[in-house]
Amino acid sequence: MSVRAEKAQANRQRMRTAAQTLFTSRGYSATSMQAIADEAGMAVQTLYFTFRTKRALLSELLDVAIAGDDEPVPTLERPRVLAAIDNPDPVAQLQELAGIAREIYERVAPVLQVVAHAAPGDPEIHELWMTNNAQRAVVMERFIAALAGKTPLRDGLDTAMATDIALALQSPEMYQFFTTRRGWSPDRWQQWTADALVTQLLPPR
């Protein structure tokens with residue numbers, strides 16, 4: 001990467017960091033592009049040139065927080081996710097699924113809160129929230145299909161119901177409830193979630 005490209009990437013990260021700081025402390029609607037530029041120590045014209053709109057900035061912030069980096073690699077093509085899907089042990093697959101969810105939520109939970117709070121009053125952010133939910137469902141459907149290919153599911157479950165249960169147990173609302181409102185550590189949430197997934201999705205051992 002050239003020095004110029006490295007500088008542009010560093011400036012982009014600086015602007016995302018400033019946006020997250022203000023979005024999480026003030027809220028999305030109360031944060032202007034000028035305020036983000038000031039927080040980042042950048043010209044507001046640079047912010048608009050880089051992201052075009054505040055919605056696009058929030059969308060990128062969400063994508064990077066989910067991925068853990070700014071590489072354009074979809075979740076289902078990332079090595080750890082693929083390794084979990086291919087794990088031949090159903091219990092280990094669900095444990096790994098809970099671990100992946102925990103790592104993502106530790107990064108993305110504050111940004112998801114911003115999106116969730118802004119969505120009811122902003123059609124564009126509502127669309128972003130719904131897109132995120134749909135993407136989570138696609139990932140979970142892939143995990144459950146792989147699981148069902150290795151083992152029978154618990155009696156009475158089909159893959160659609162199993163997907164719904166897994167989505168509910170690993171929803172951002174569930175993570176926030178336990179870790180923020182009830183004071184659980186991320187480690188405790190991960191262990192509980194893994195145990196709940198095994199209990200709810202697999203036949204009794």
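**Exercise 1.** How far apart do the C-alpha centres of domain 1 and domain 2 lie?

*Solution.* The model is predicted: local features need pLDDT of at least 70 and side-chain atom pairs pLDDT 80 or more, while totals for chains, interfaces and linings use all residues. Residues are numbered from 1 along each chain as its sequence is written, and side-chain values use heavy atoms, leaving out hydrogens and water.
Step 1: take the division of the chain into domain 1 (1–52) and domain 2 (71–201), with bounds from an automatic or database domain assignment.
Step 2: the C-alpha centres of these domains lie 29 Å apart.
Step 3: four residues from domain 1 and six residues from domain 2 make up the contact (heavy atoms within 4.5 Å).

**Exercise 2.** Find the residues that touch the most other members of the largest nonpolar core, and place this core relative to the domains.

*Solution.* Step 1: a nonpolar core is a set of buried Ala, Val, Leu, Ile, Met, Phe, Trp, Tyr and Cys residues joined through side-chain atoms within 4.5 Å; buried means under 20% relative accessible area (1.4 Å probe, protein chains only).
Step 2: the largest such core has 68 residues, and I36, L58, V108 and L201 touch the most other members.
Step 3: helix α6 (residues 90–118) gives the most, 15 residues; helices are DSSP runs (H or I, at least four residues), numbered from the N terminus.
Step 4: domain 1 and domain 2 both give residues to this core, so the core lies between them.
Step 5: leaving aside residues up to four places away in sequence, the contacts of L201 include L94, I144, R154 and A166.

Technical notes:
Buried < 20%, exposed > 50% of the residue type's maximum accessible area, 1.4 Å probe, protein only. Helix = DSSP H or I, 4+ residues; strand = E, 2+ residues; numbered from the N terminus.
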